[in-house]
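Me: I'd like a close look at one part of this model, the aromatic pairs, with the loops as a way in and a way out. Please begin by pinning down what counts as a polar contact.

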Amino acid sequence: MTVRPDVVGFYDERTGSIQYVVSDPLTKDCAIIDPVLDYDEKSGSTTTRHADAILAYIEDRGLRLQWILDTHPHADHFSAAAYLKSTTGIKTAIGAEVVKVQALWQTIYNMPELITDGSQWDYLFADGDRFMIGNMECRVMHSPGHTLASITYVVGDAAFIHDTLFMPDSGSARADFPGGSPENLWSSIDAILSLPDDTRLYTGHDYRPGGREALWESTVAEQRRHNPHVQNGRDEFMASRTRRDASLPFPRLMLHALQVNLNAGSLPSLEENGTSYLKIPLNAFPNAAW
Ligand SMILES: N[C@@H](CCC(=O)N[C@@H](CS)C(=O)NCC(=O)O)C(=O)O
Ligand SMILES: [Fe+2]
């Protein structure tokens, strides 16, 4: 019989991100996937409102946290992994190829102090790795394209597909960040859509097209039937993805977020005055759309 985990999504309106708690209905063990650390770039403030709400949910439901997971180094918001680890002591994990993304951005940021061996996380998952959430086995699929390091977590009939496909009315994620590749994104989407038809797919973002309510759950069958980005094959996907990506400005918080997320969500060390500072490279991307 297929395992059916309980899944709850927490929507972050500011960044259109979805954070998940996936739990074993029998043992009550759970994992948090893609938690957001709130950040206001205008004032340089961070808060832990979302992460605390997730912890409160876990406590209210009598769940036991086993994992703090990220699907990829996010380019549009800060990860709350480091904060959650510091408050709960629970282990963190991300995709093993994060070391390549660290190396890439170490050069762009000119940050020799950034550690690039992935040791900021407790576990680095490679394609095919398996681990347990309670009595449920979770399988890792490497699904690059949006980033080099993106991974999908498959637990029973649920798959956390992050920034590969969005809801069927919203197409797919962009593939133009450093290390991104429309070709790899197509292969990753193809592998996800090869899961059983009724697999529940949980996306990483929803930008509420036309102002509709936020949605994040679809199925393989629905994506195959209704997502325009998967209807016309690989070549058409690559051409239209590349065309659209050339017109997209960078995410508002990309240069803020990656230096934090490649450090597992730890803010930069405090300087001698007790304040932590971000570093923004100027004119490093002359061709970026504004
Ligand atoms: N307007 C958003 C855009 C964020 C963005 O680029 N999101 C990525 C995922 S991290 C994406 O794939 N977007 C698809 C699109 O905008 O079509 C922002 O500035 O944060
Ligand atoms: Fe992303």
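Reply: A polar contact is a pair of N or O atoms within 3.5 Å; within protein, one must be able to donate a hydrogen and the other to accept it, and residues adjacent in sequence count only if both atoms are side-chain atoms. Bear in mind that this is a predicted model, so local features need pLDDT of at least 70 and side-chain atom pairs 80 or more, while totals for chains, interfaces and linings use all residues. Residues are numbered from 1 along each chain as written, chains are lettered from A and ligands numbered from 1 in written order, and side-chain values use heavy atoms, leaving out hydrogens and water.

Here's such a contact: a polar atom of the Ser181 side chain sits 2.9 Å from the backbone nitrogen of Asn184. Ser181 belongs to the loop between β13 (158-162) and α4 (182-192) (helices, H or I, at least four residues, and strands, E, at least two, are DSSP runs numbered from the N terminus). Ser181 counts as buried because its relative accessible area is 14% (buried is under 20%, exposed over 50%, partly exposed in between, with a 1.4 Å probe and protein chains only).

Another loop to look at is the one between β11 (136-142) and β12 (151-155), where you'll find Gly145. With a relative accessible area of 1%, Gly145 is buried too. From C-alpha to C-alpha, Gly145 and Gly180 are just 5.0 Å apart in space, although their positions lie 35 residues apart in sequence.

Now the rings. Searching the whole structure turns up 18 aromatic pairs (rings of Phe, Tyr and Trp, its six-membered ring, pair if their centres lie within 6.5 Å; planes under 30 degrees apart are stacked, over 60 edge-to-face, the rest tilted). Take Trp67 and Phe125: their pair is tilted, at 5.7 Å centre to centre and with 55° between the planes. This pair ties together distant parts of the chain, since Trp67 is in strand β6 (residues 64-69) and Phe125 in strand β9 (residues 123-125), 58 residues apart. Trp67 is buried because its relative accessible area is 6%, and Phe125, at 5%, counts as buried as well.

Trp105 and Tyr109 give you another tilted pair, with centres 5.3 Å apart and planes at 40°. This one stays inside helix α3 (residues 98-109): the partners are four residues apart, about one turn of the helix. Trp105 has a relative accessible area of 1%, so it is buried, and Tyr109 counts as buried at 2%.

Back to Trp67 and Phe125 for a moment, as they have company. Ring pairs join them with Tyr123, Phe131 and Tyr153 in a cluster.

Two loop residues are worth a look for their backbone angles. Asn110, in the loop between α3 and β9, has a phi near 50°, which is positive in a residue other than glycine. Asn110 is exposed because its relative accessibility is 54%. Asp34 also has a positive phi, near 55°, and is likewise a residue other than glycine. Asp34 sits in the loop between β3 (29-33) and β4 (36-40), but here the residue is buried, with a relative accessible area of 5%.
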